[in-house]
Amino acid sequence: MILSFIPKFPTLNFKPTRGIYAYILMFILQGGSLRGEFVDATPFRDAVKKTRCKEDSKSSLLVDDLGSMLKQKGFNHYGTETLYSGYLGVELKCEIFMGPVYYQRLRHMVSDKFQVRSTGMVDQVTRQPIKGRRRGGGIRFGEMERDSLLAHGASYLLHDRLHTSSDHHIADVCSLCGSLLTSSVLNVQQKKLIREIGNLPPGRTPKKVTCDSCKTSKGMETVAMPYVFRYLAAELASMNIKLTLQLSNSGEGIDSEGV
Ligand SMILES: [Zn+2]
């Protein structure tokens, strides 16, 4: 708290972000408020008046007009005041330009805006987090955000956000036909029963999934991918378009190819 010699309590150090000139003008216009008069607060009024009436050289400066008004009420001509420290009671070395100011509080509050999520509801179709602050959804990480992370070289973060923490899915892909959609789960119990009835020695535990198209489970591989990619393959299949994956261990070959 800084105290003025004249009983007056400045409550805040005002930091305007826009309309700077108009606010400064309003400080000087406290002369008008002291006299109970309406004062023209148009910014650059003086400059406009000068350009319009070039011949009228007698036109006084705006600061002189307002300064004399302040002086009549015992204030400094330029609107500055000597202030005293609220802690020590000593006079501040510099004079402070101060005055009354009218301002409006911004009605946007952080408590109404903040959005945070760790885990929560997911969309049933895409298995990605749902949207909407009210429902505890996530914030959309769109194409522009993706470009931003790529530009920063933060590709692992990109993978974490868009895959690991989103719709991570392990799909069974047939490496023989490259199909993502033809896998089906084998009934292992039934196979065991058939072997026991036929007095056959217990064989190697068969793979749990098989390819319905190739009628074998030999080429079945597990591939981690976003679930929406599987959904895309299903959507394309509904339009009679086959999506074929070409699997390779080294990662050097072509991983996927739409056919
Ligand atoms: Zn197959």
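## A walk through the model, starting at helix H7

Select residues 155-167 to light up helix H7, which has 13 residues. From its first C-alpha to its last, H7 reaches 17 Å, close to the 18 Å expected at 1.5 Å a residue. Keep in mind as you go that this is a predicted model.

Now click on Arg161. Here H7 bends by about 25°, so look along the helix from the side to find the spot.

**Into the buried side of H7**

Which residues of H7 are buried? Colour Leu158, His163 and Asp167 to see them. Then show what these buried residues pack against: helix H6 (143-151), strand E4 (168-174), strand E7 (220-226) and helix H9 (227-238).

Zoom in on Leu158, which has its place in helix H7. Is Leu158 buried or exposed? Its relative accessible area is 12%, and because buried means under 20%, Leu158 counts as buried. Which residues does Leu158 touch, once its neighbours within four places in sequence are left aside? Select Phe141, Arg146, Leu149, Leu150 and His163 to see these contacts. You can also draw a distance from the C-alpha of Leu158 to the C-alpha of Ser148: they are 10 residues apart along the chain and separated by 9.7 Å.

**On to a hairpin**

Next, select strand E2 (residues 80-85) and strand E3 (residues 91-97). These two strands run antiparallel, and four bridges join them. For one pairing, pick Glu81 and look across to Ile96, its bridge partner in E3. Between the strands of this hairpin there are five residues, and Gly89 takes a positive phi near 75°.

**Charges over rings**

Show the side chains of Arg127 and Tyr227. Arg127 lies over the face of Tyr227, at 4.0 Å from the ring centre. Then move to Phe114: the charged end of Arg133 sits over the ring of Phe114, 5.7 Å from its centre. If you go hunting for aromatic pairs, how many does the structure hold? The count is zero.

**Last stop: a loop**

Finish at Gln246, in the loop between strand E8 (243-245) and strand E9 (256-258). With a relative accessibility of 39%, Gln246 is partly exposed. Now add Gly178 to your selection. Gln246 and Gly178 are 68 residues apart in sequence, yet their C-alpha atoms are 5.9 Å apart in space.

Conventions: Residues numbered from 1 in each chain as written. Predicted model: local features only at pLDDT ≥ 70, side-chain atom pairs only at ≥ 80, totals over all residues. Heavy atoms only, no water. Expected span 1.5 Å × (residues − 1). Bend = angle between axes of the 7 residues up to and from the residue. Buried < 20%, exposed > 50% of the residue type's maximum accessible area, 1.4 Å probe, protein only. Contact = heavy atoms within 4.5 Å. Pairing = 2+ DSSP bridges. Phe/Tyr/Trp six-rings, centres within 6.5 Å; stacked < 30°, edge-to-face > 60°. Lys NZ or Arg CZ within 6 Å of the ring centre and 35° of its normal.
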